[in-house]
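I sat down with this one to look up a few things about sheets, cores and charge pairs. Notes below, in the order I checked them.

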Amino acid sequence: MGAVNTWTLLVPDMIPAVTKVMAGIHNGSAARNIRIRRVGIINAQIVLVSNVACLLDVRHYYNAVVWGGGPTAVTPIAHDTGNVALDTVTAGYGGAAVGGLGPNIFRRTCWPTGEALKGITAVREADWCTMVPLGIMFDPGYADANEQPLLLKNGELMFVYNTPNVAFGLMDIWIEFTDEAV
Amino acid sequence: MSINMWTLNITGHLLTSASIVAGILNRDYTNSHVFRIWRVGLINAQTGGGISTSAISIQLERYVGASWRNPTVIGPISVDTKDTDTSALISGHGGTRVDGTQSVFRRITWFSTCASHSSTPYAAAKDWETFIPLGILWDSGFNDANVQPLTVRPGEMYDLYQTTAGQIVDAWIEFTDETS
């Protein structure tokens with residue numbers, strides 16, 4: 001099988017907040033499978049700010065879950081402008097899961113909210129968090145044909161979700177996913 | 001079966017405000033060439049001292065239907081010297097992009113002051129940015145045949161674009177040239 005139609009959802013400049021959906025994808029199509037290939041975070045805060053830790057999950061909801069609460073839509077970008085348009089995919093941030101079952105929490109990471117000033121002395125964690133390879137938080141199945149990526153069937157949803165009451169920092173969150181026929 | 005592969009290697013690009021750090025434009029309107037971008041990376045190339053420090057923003061973006069005026073043309077390098085035809089693309093840095101529809105795939109913060117590689121126990125972020133693996137900012141499809149790389153169709157341009165001024169950086173784009 002050759003490369004499958006692939007998309008990137010980039011949610012830029014997200015500020016964490018208590019129990020906030022930072023980035024997510026919902027599949028509303030019975031004819032398509034969405035597979036989450038990789039999820040990454042990049043520190044985008046470059047102005048001095050309080051440095052506290054937020055706690056980010058990769059969460060999966062299933063069994064006819066609805067993405068309610070008025071999520072803010074962000075349009076995913078096709079890796080190839082020749083890709084067929086996505087069918088009934090909701091992507092963006094905010095809102096909440098309604099109904100269904102879950103969450104299944106696949107991954108959690110403690111993420112700093114401090115600025116990446118990248119001073120000329122010792123590197124800080126916030127500086128490390130600007131490097132793309134170090135911010136990949138979820139990638140089952142990527143580069144390994146023996147592993148399954150996370151599958152979103154019809155009526156399933158995945159989030160990057162922040163739990164604690166943290167209101168500082170800026171981060172870009174990216175989700176790389178493929179769109180295939182069932 | 002491997003496909004004709006090239007590397008665009010931009011060395012010593014001075015990060016002036018709002019400039020194209022590295023770019024590829026597919027200008028083949030015979031539909032005989034489709035380029036696929038497999039990896040994109042940055043490397044801190046500033047070695048001189050006394051350079052002011054700042055965090056700058058660089059983004060990987062696509063423009064559909066854009067033209068590229070007055071770039072500094074840098075030819076890509078083939079990994080196999082039998083591959084010589086680069087007439088289907090414009091590659092390089094600088095210049096001005098005109099018109100087109102933008103999509104931003106990734107944004108990063110980059111620190112462009114001199115990599116001192118000092119003997120003190122602590123490395124700063126600018127020193128870590130000299131390590132090639134840490135500077136890879138895009139690699140979709142690399143090592144995974146299920147994932148599409150970025151596809152550069154005729155009339156499309158992909159570039160690394162900085163939005164704030166900094167110092168000197170090397171940038172590289174690894175891509176293949178295919179017929180469809």
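These are my entries, one topic at a time.

**Before anything else.** I'm working from a predicted model.

**Sheet, chain A.** I looked up the strand order and got an open sheet of six strands, β6-β8-β2-β13-β4-β10 in chain A, with antiparallel pairing. At its edges I have β6 (72–73) and β10 (101–112) of chain A, each of which pairs on one side only.

I then went to β2(A). On one side, four bridges tie β2(A) antiparallel to strand β8 (residues 89–93) of chain A; I noted A:His26 with A:Thr90 as its bridge partner in β8(A). For β2(A) and strand β13 (residues 156–162) of chain A, I get seven bridges, again antiparallel. There, A:Gly24 has A:Phe159 as its bridge partner in β13(A). How many of the residues of β2(A) are buried? Eight of its eight, so the strand is mostly covered.

**A:Val21.** I picked this residue as a probe of β2, the chain A strand of residues 20–27 in which A:Val21 sits. Is A:Val21 buried or exposed? It counts as buried because its relative accessibility is 2%, and the cut-off for buried is under 20%. I listed its contacts beyond four places in sequence: A:Trp67, A:Tyr93, A:Gly94, A:Gly95, A:Phe159, A:Val160 and A:Tyr161. I also checked a C-alpha distance: A:Val21 to A:Gly92 is 8.8 Å, with their positions 71 residues apart along the chain.

**Sheet, chain B.** I looked here for the strand order too and found six strands in an open sheet, β6-β8-β2-β13-β4-β10 of chain B, with antiparallel pairing. β6 (72–73) and β10 (101–111) of chain B have a single partner strand each, so one side of each has no neighbour in the sheet. β6(B) pairs antiparallel with strand β8 (residues 89–93) of chain B over two bridges, and B:Thr72 stands opposite B:His93 in β8(B).

**Cores.** The largest nonpolar core has 35 residues, and B:Leu42, B:Leu137, B:Leu160 and B:Phe175 touch the most other members. A second, separate core has 30 residues, among them A:Val58, A:Ala91, A:Met158 and A:Val160. I went back to B:Leu42 for its contacts beyond four places in sequence, which include B:Ile58, B:Ile108, B:Trp110, B:Leu137, B:Leu160 and B:Trp172.

**Surface patch.** I found a nonpolar patch on the surface made of A:Ile46, A:Val47, A:Leu48 and A:Leu117, with about 370 Å² of accessible area together. A:Ile46 lies in the loop between β3 (32–43) and β4 (53–62) of chain A. Its 31% relative accessibility is why A:Ile46 counts as partly exposed.

**Salt bridges.** I counted 17 over all chains. A:Arg37 pairs with A:Glu180, with the closest N and O atoms 3.4 Å apart. That pair connects distant parts of the chain, strand β3 and strand β14 (residues 171–181) of chain A, 143 residues apart. A:Arg37 and A:Glu180 are both buried.

A:Arg38 and A:Glu176 meet at 2.9 Å, N to O. They too link β3 to β14 of chain A, 138 residues apart, and both are buried. I also logged A:Arg59 with A:Asp57 at 2.7 Å, N to O, again with both residues buried.

Last entry: A:Asp13, A:Asp172 and B:Arg107 are linked in a network of salt bridges.

Key:
Residues are numbered from 1 along each chain as its sequence is written. Chains are lettered from A and ligands numbered from 1 in the order in which they are written. This is a predicted model: local features need pLDDT of at least 70, side-chain atom pairs count only at pLDDT 80 or more; totals for chains, interfaces and linings use all residues. Side-chain values use heavy atoms; hydrogens and water are left out. A nonpolar core is a set of buried Ala, Val, Leu, Ile, Met, Phe, Trp, Tyr and Cys residues joined through side-chain atoms within 4.5 Å. Buried means under 20% relative accessible area, exposed over 50%, partly exposed in between (1.4 Å probe, protein chains only). Contact means heavy atoms within 4.5 Å. Patches are made of residues with over 30% relative accessible area and no salt bridge: like charges are joined within 9 Å, nonpolar side chains (Val, Leu, Ile, Met, Phe, Trp, Tyr) within 5 Å. Accessible areas come from the Shrake-Rupley method with a 1.4 Å probe; for residues, only the protein chains shown count as cover. A salt bridge is a side-chain nitrogen of Lys or Arg within 4 Å of a carboxyl oxygen of Asp or Glu. Two strands pair if DSSP finds at least two bridges between them.
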